[in-house]
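Open the model in your viewer and have your selection tool ready. We will go from stop to stop, picking something new each time.

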Number of protein chains: 2
Amino acid sequence: MKTDKSVEFKIIGTIHTPHTTIENIPIQPVGGKEYRGVIEILPELTDALQDLDGFSHIILLFHFHKTKGYKLKVKPFMDDAEHGLFATRTPKRPSPIGLSTVKILKIEGNKIYFEGADMLDGTPLIDLKPFYTKFDNRPDAICGWLDKKDEKVVRNMRSDDRFK
Amino acid sequence: MKTDKSVEFKIIGTIHTPHTTIENIPIQPVGGKEYRGVIEILPELTDALQDLDGFSHIILLFHFHKTKGYKLKVKPFMDDAEHGLFATRTPKRPSPIGLSTVKILKIEGNKIYFEGADMLDGTPLIDLKPFYTKFDNRPDAICGWLDKKDEKVVRNMRSDDRFK
């Protein structure tokens, strides 16, 4: 197998949010419903947003640009036990890509206004995809150690500085 | 806003599938249930898979390594009308990252056996995340032009050569 390879992706825009420090950010959009953000797409890509306003949700893929390095085992926000990093959503990953599904409020020109901002202000956006119920929902998925966590814990959980 | 920037990500493994040509691939895992694949993670990352076997599904982020370039408007597999590329899941994107949610069959060492292979054999894997129902499901999402499509069409749709 080939190893030590990498691939370069284009930054297609910037995500503006109310979160200016890494502490106290909701750990996922479900915990960040009250936080609104604005995605500013590169002006030359504006036409690529045509018909996106028919969708209620989009999946954002973004760069965790403030994290450095990773460990194979991590103690995530939602548990006291260690897990392999790929069994968690820690931002400290070999490829630090964040994935958040957020709700579109409105689209104006190259700006997408959304609800569910759980990333830092100034986060570089790498890709965005329309959320499609038939492709993306798995209502009966089993979720390992996370299934033991209470929904209220998820909604109220906020980040600390452990993933700086 | 900063423009023309890019970011480099590590390839963390390779996805082996039965699909050796770009034609006739199911366009999403829901259409590829019968196809099984094997993810081979870099051996030095094996420990990062600990506890992933408690999850039924994972989200794969991979490089569409055989596509070149993109157009702002595309005619996707599932429609005869043009849409902005960001309102579609076309592989020809400014940052050609694929996102597929697949079902884990078993994990052995650095190999993850899965169901729902909808990518080319030899596809470079960039990241994988545990699918978490509370973060990732949006049962009531509205899906624009895609909502007008029949589920049978989605399941039976296969790729052609338009995104080579």
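## A tour of two chains

Start by selecting A:V7, whose bridge partner in β1(B) is B:F9. Keep in mind throughout that this is a predicted model.

Now extend the selection to the whole of strand β1 in chain A, residues 6-10. Five bridges join this strand to β1(B), and the two run antiparallel.

Next, color by chain and superpose the copies. A turn of 180° with a shift of 0.0 Å along the axis lays chain B on chain A, at an RMSD of 0.0 Å. That is the relation of a two-fold axis. To find the axis from chain B, pick B:E8: its C-alpha is the nearest to the axis in that chain, 2.1 Å away. Both copies use the same surface, as 100% of the contact residues of chain B recur in chain A.

Select that contact surface next. Here 66 residues of chain B are in contact with 66 residues of chain A. On the chain B side, the elements giving two or more residues include β1 (6-10), β4 (57-63), β7 (97-108) and α2 (151-156). Highlight β9(B) too, which provides the largest share, six residues. Coloring this side of chain B by class shows 35 nonpolar, 16 polar and 15 charged residues.

For the last stop, which residues touch the most other members of the largest nonpolar core? Select A:L125, A:I126, B:L125 and B:I126, within a core of 74 residues. Then zoom in on A:I126: leaving aside residues up to four places away in sequence, A:I126 touches A:F9, A:L61 and A:F62, among others, and also B:V7, B:S95 and B:I97 from chain B.

Key. Residues are numbered from 1 along each chain as its sequence is written. Chains are lettered from A and ligands numbered from 1 in the order in which they are written. This is a predicted model: local features need pLDDT of at least 70, side-chain atom pairs count only at pLDDT 80 or more; totals for chains, interfaces and linings use all residues. Copies are superposed by least squares on the C-alpha atoms of residues with pLDDT of at least 70 in both. Two residues are in contact if their C-beta atoms, placed from the backbone, lie within 7 Å. A nonpolar core is a set of buried Ala, Val, Leu, Ile, Met, Phe, Trp, Tyr and Cys residues joined through C-beta atoms within 7 Å. A residue is buried if 20 or more other C-beta atoms lie within 10 Å of its own, exposed if 12 or fewer, and partly exposed in between; C-beta atoms are placed from the backbone. Helices (H or I, at least four residues) and strands (E, at least two) are DSSP runs, numbered from the N terminus. Ala, Val, Leu, Ile, Met, Phe, Trp, Tyr, Cys and Pro count as nonpolar, Asp, Glu, Lys and Arg as charged, and the others, Gly among them, as polar. Two strands pair if DSSP finds at least two bridges between them.
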